[in-house]
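Have a look at the model below with me. We will ask what lies behind a few of the labels.

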Amino acid sequence: MDIEDLAKRVSAGERRALARAITLVESGRDDHRAQAAALLARLPQDRQALRIGLSGTPGVGKSTFIESFGMMLIAQGLRVAVLAIDPSSSRSGGSILGDKTRMDLLSREKAAFIRPSPSQTHLGGVARRTREAVRLCEAAGFDVVLIETVGVGQSETVVAEMSDLFLLLLAPAGGDELQGVKRGIMEMADIILVNKADGDLKAAANRTRADYAGALRLLRKRLQDPEGYPCAMTVSALQEDGLEKAWESISTLVAWRQAQGFWDRTRAAQARYWFEEDVKQRLLAQLQGPEARAALATLSDDVAAGKADPSAAAQAFVDGLRQ
Ligand code: GDP
């Protein structure tokens, strides 16, 4: 594969090249990993997209929202990429987020790029692939990258660590209970969007919004938030209502964070986080090798038999890894 040529075509914004490049970074093969690294090194480093994380349980309206929100952004002249993290996809035998027909209008737009989630059980692996896919989309000149995830817990943290801001999509609640949204997930949200604020559901959506606005006020104030954030709003993805206001709130927040230096600082902290994660992954991978496992088993037996001290054995093991 001509990596130089691929890098050029990705940088020129060619969607087919972008798709090929993402396939390359998703591959676990050693030669592909080397090619992917060479490709990433050849890409322009100075292009930044707005990375938006988006989470919500199945059925809340994520794909409907991405479709109408994406179409609205495209109408404003922006290029929009959609990526997904769905760690459960390999278990369910097919990615629920990968269904191309879900965003029918958007997928036909030249200014849009939609990529289903890589099917992998291991969240660490999915995280790296998605993070590299985000970089590829930025290099390809996309203005907005939406990173979608199903609300299943850990994947939110992963998405938040690679996003500039995080949207949480909720449905109108029947009663006055807070839908069992985990506190940790609420704390990640910059903007809560209560979707389906239309027809019979409108009143319930307004109540839910008020409940969440109240709950958000009780959370610890974060440094990276201007007055009035995090906030809760209502939208109707189906009727394309409230989407402009949502975009306005996003833009206001982004402009503030950029002016205050939080944008750069957050990106720097995220880069550090991913570097450390990558080191951990590599060290763990070393532990999985047959020789390392054998050495671990032998030393472990020695320790159990009282033939070696745990610390000394650990030191011997680590020294062995270095050779
Ligand atoms: P996802 O699983 O989160 O991606 O949810 P979908 O986008 O597939 O939507 C699930 C269902 O909710 C579909 O039947 C949609 O038509 C419906 N839905 C999505 N957005 C809205 C909305 O704004 N209003 C109403 N009334 N229904 C919606």
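Here are some questions and answers on helix packing, salt bridges and burial.

This is a predicted model, in which local features need pLDDT of at least 70, side-chain atom pairs count only at pLDDT 80 or more, and totals for chains, interfaces and linings use all residues. Residues are numbered from 1 along each chain as its sequence is written, and side-chain values use heavy atoms, with hydrogens and water left out.

Q: Why are helix 12 and helix 13 called roughly perpendicular?
A: The axes of helix 12 (residues 262–288) and helix 13 (residues 290–304) cross at roughly 70 degrees. Angles of 65 to 115 degrees count as roughly perpendicular, so the label fits helix 12 and helix 13.

Q: What makes Glu4 and Arg42 a salt bridge?
A: Their closest N and O atoms are 3.0 Å apart. The definition asks for a side-chain nitrogen of Lys or Arg within 4 Å of a carboxyl oxygen of Asp or Glu, so the pair qualifies. Glu4 sits in helix 1 and Arg42 in helix 3, 38 residues apart.

Q: Why is Asp190 called buried?
A: Asp190 has a relative accessible area of 5%. Buried means under 20%, exposed over 50% and partly exposed in between (1.4 Å probe, protein chains only), so Asp190 is buried. Its salt-bridge partner, Arg222, is buried as well, at 16%.

Q: Why does Arg9 count as partly exposed?
A: Arg9 has 23% relative accessibility, so it falls in the in-between class.

Technical notes: Axes fitted to C-alpha atoms, helices over the stretch in contact; angles between N-to-C directions. Helix = DSSP H or I, 4+ residues; strand = E, 2+ residues; numbered from the N terminus. Parallel < 35°, antiparallel > 145°, perpendicular 65-115°, else oblique.
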